[in-house]
Amino acid sequence: MSMINYASREINCKLVYYGPGLGGKTTNLEHVYNKVAPAARGKMISLATETERTLFFDFLPVDLGTIRGFKVKFHLYTVPGQVYYNASRKLILKGVDGVVFVADSQIERMDANLEAMQNLYENMIQHGYDLAKIPFAIQYNKRDLPNAAPIAELQAALNPGWPVTDPMKQRPLPDPQHDSEFLISQEDGQWIERAPYFEAVALTGDGVFDTLKGISKNVVKTLG
Amino acid sequence: MSGASSWSFREDDAKRIQVILSGFLGESNARTALIVDRTGQMVTTVGQAPAFDPTAFASLTAADFSANDQLARMLGESEFGALFHQGERESMYLADIARRVILVVLFDNRTTLGLVKLRVKTAVVQLTQVFTEMFSRDGTSAPGVESEFLGEAEDEIDKLFGA
């Protein structure tokens, strides 16, 4: 759970956009920055190289307003996607309240997606966090490209799900985003839960706010 | 639930910290003292109100401190307990508190690094005690948010991010 500051009546939630290099993490934040009400957003900070590749992180605070006496803020971070920046990537996950994995839908980037997902799991474990227990969403970006892999293929590779061990949760949970699909379902006798997924074209903004809405609602649920 | 970041900060905590830091600012002639959570969130500010965006400042401070922490490990140190950034007029001194938060002292040429370092030692000891107590009580007595909070938060999310 995020830090609740009773003195300043603030709740800050940290959302981290993770994923392979050039997958569109920074583009997601830029779209949010450009489209959200200016009064609701703070300064966007990008620690990037001269060629605009993220070196350390991008940061964008978004103010949800005052709810029941608390100012609620989302702090959006991206990590550098390039493999050799793992040390800084890991630092950004510290204290994370929700993760969005931005996958590059292009078939040629499948290995990079898998490597980044594996890296996310490893870095979360090293912080002592469990991805199956914190709000987590996957965004399949660049859906407009002709070489985009089918969703089913991406889901099978990147979102195979994890076993549901809590008997209370072992019941079908429809996916609110996709008709006749389930976030929790029984497969081969075993209950499996998958992360919610969103299709996006971050460059045009398609799906960017759907993803943000989905993850932020799941994060506020953890505050109750 | 997600791990180490879960804690709450109450008004009486803020008051105790205010007393410690006000005393320190008076003794050291430093301008502002800030407490930043290691995850990048501003906890509190004492002294002259900073002219910059505190949210951005907090995220950069945490990143700065974490990056230096890793550098320390590469050198075989467990940590750099303190950092100093020197400017022409404005400087900042950062010190670790209980491995969870960072004390940031902003000062100008009305004082010296020597005096700041000398006076900060007592403040660090006192703050470490306050924060250690705060972290150890956590999870048991935090009042949490009201039950209507969730529904209203979801409405606000729909409004802000498009329904």
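Which residues form one aromatic cluster with A:Tyr77?

The structure is a predicted model, in which local features need pLDDT of at least 70, side-chain atom pairs count only at pLDDT 80 or more, and totals for chains, interfaces and linings use all residues. Residues are numbered from 1 along each chain as its sequence is written, chains are lettered from A and ligands numbered from 1 in the order in which they are written, and side-chain values use heavy atoms, with hydrogens and water left out.

**Exercise 1. Identify the cluster around A:Tyr77 and the charge over its ring.**

Step 1. Rings of Phe, Tyr and Trp (its six-membered ring) pair if their centres lie within 6.5 Å; planes under 30 degrees apart count as stacked, over 60 as edge-to-face and the rest as tilted.
Step 2. The cluster joins A:Tyr77 to A:Phe56, A:Phe57 and A:Phe59.
Step 3. A charge sits over a ring if NZ of Lys or CZ of Arg is within 6 Å of the ring centre and within 35 degrees of the ring normal. A:Lys14 lies over the face of A:Tyr77, 4.7 Å from the ring centre.

**Exercise 2. Classify the pair B:Phe52 and B:Phe57.**

Step 1. The count over all chains is 11 aromatic pairs. One of them, B:Phe52 with B:Phe57, is stacked, at 4.3 Å centre to centre and 15 degrees between the planes.
Step 2. Burial is read from relative accessible area (buried under 20%, exposed over 50%, partly exposed in between; 1.4 Å probe, protein chains only). B:Phe52 is partly exposed because its relative accessibility is 31%, whereas B:Phe57, at 14%, is buried.

**Exercise 3. Describe the interface of chain A and chain B.**

Step 1. Contact means heavy atoms within 4.5 Å. Chain A contributes 49 residues and chain B 45 residues.
Step 2. Buried area is the accessible area (1.4 Å probe) that two parts lose on being put together, summed over both. For these chains the value is about 4,200 Å², 67% of it on carbon and sulfur atoms.
Step 3. A salt bridge requires a side-chain nitrogen of Lys or Arg within 4 Å of a carboxyl oxygen of Asp or Glu. The interface holds 3 salt bridges. A:Arg68 forms a salt bridge with B:Glu152, with the closest N and O atoms 2.7 Å apart.

**Exercise 4. Locate A:Leu91 and list its contacts.**

Step 1. A:Leu91 belongs to helix α2 (residues 86–92) of chain A; helices (H or I, at least four residues) are DSSP runs, numbered from the N terminus.
Step 2. A:Leu91 is buried because its relative accessible area is 17%.
Step 3. Leaving aside residues up to four places away in sequence, A:Leu91 touches A:Phe56, B:Ser66, B:Ala67 and B:Gln70.

Definitions and conventions:
Helices (H or I, at least four residues) and strands (E, at least two) are DSSP runs, numbered from the N terminus.
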